[in-house]
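Welcome, and thanks for taking a look at this one. Please have the sequence and the 3D view open side by side as you read.

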Amino acid sequence: MKEKIKEKFIEVYKMDIKPEELLDDSYLFGPDSVYGIDSMDVLVFINELKKEFGLEYSTLDTDSFMTINNIISFIEKQKKSESV
């Protein structure tokens, strides 16, 4: 899952980096991001993840998508709640 998320991030933002260069705990968006992507652009990425992983959410907490590890945690929690 981690590799797929990294590949999707690189694809969506047309970056010239390899997935292994994308650090799991570095900020993907906002002022602390080394990738120069602002927090409004996170919505594009979230929409792609929604399609890719079949995510459902009624309210959106963009903090859940700030790092690769946060995204994985969000997806795993959602999948776990679906199976209950």
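Here is a short briefing on helix packing, the nonpolar core and two loop residues. Please keep in mind that this is a predicted model.

**How helix 1 meets helix 3**

- Two packed helices are described by the angle between their axes and the distance between the axes.
- For helix 1 (residues 2-12) and helix 3 (residues 68-82), the angle is about 120° and the axes are 10 Å apart.
- Angles over 145 degrees would count as roughly antiparallel and those from 65 to 115 as roughly perpendicular, so this pair is oblique.
- The crossing of helix 1 past helix 3 is right-handed.
- On the helix 1 side the contact is made by Lys2, Ile5 and Lys6, while helix 3 brings Ile68, Asn69, Ile71, Ile72 and Ile75.
- Sorted by class, the residues in this contact are five nonpolar, one polar and two charged.

**The nonpolar core**

- In the largest nonpolar core you will find 24 residues, and Ile5, Phe9, Leu28, Phe29 and Phe45 have the most contacts inside it.
- Helix 1, helix 2 (42-53) and helix 3 are the elements that each give two or more residues to this core.
- Phenylalanine 45 is a good place to start exploring: leaving aside residues up to four places away in sequence, Phe45 touches Ile5, Lys8, Phe9, Val12, Tyr13, Leu28, Phe29 and Ile71.

**The buried side of helix 1**

- Which residues of helix 1 are buried? They are Ile5, Lys6, Lys8, Phe9, Ile10 and Val12, so two lysines appear in the list alongside Ile, Phe and Val.
- These buried residues of helix 1 pack against both helix 2 and helix 3.

**Lysine 14, just after helix 1**

- Lysine 14 sits in the loop between helix 1 and helix 2.
- Most residues other than glycine have a negative phi.
- Lysine 14, just after helix 1, instead takes a positive phi of about 50°.
- Is lysine 14 buried or exposed? Its relative accessibility is 73%, and the cut-off for exposed is over 50%, so lysine 14 counts as exposed.

**Serine 39, in the same loop**

- Serine 39 is also found in the loop between helix 1 and helix 2.
- With 43% relative accessibility, serine 39 falls between the limits of 20% and 50% and therefore counts as partly exposed.
- Beyond residues up to four places away in sequence, serine 39 touches Phe29 and Gly30.
- Serine 39 and leucine 28 are separated by eleven residues in sequence, and their C-alpha atoms are 8.8 Å apart in space.

Technical notes: Residues numbered from 1 in each chain as written. Predicted model: local features only at pLDDT ≥ 70, side-chain atom pairs only at ≥ 80, totals over all residues. Heavy atoms only, no water. Axes fitted to C-alpha atoms, helices over the stretch in contact; angles between N-to-C directions. Helix = DSSP H or I, 4+ residues; strand = E, 2+ residues; numbered from the N terminus. Parallel < 35°, antiparallel > 145°, perpendicular 65-115°, else oblique. Left-handed = near helix turned anticlockwise from the far one by under 90°. Contact = heavy atoms within 4.5 Å. Nonpolar A, V, L, I, M, F, W, Y, C, P; charged D, E, K, R; others polar. Core = buried A, V, L, I, M, F, W, Y, C linked by side-chain atoms within 4.5 Å. Buried < 20%, exposed > 50% of the residue type's maximum accessible area, 1.4 Å probe, protein only.
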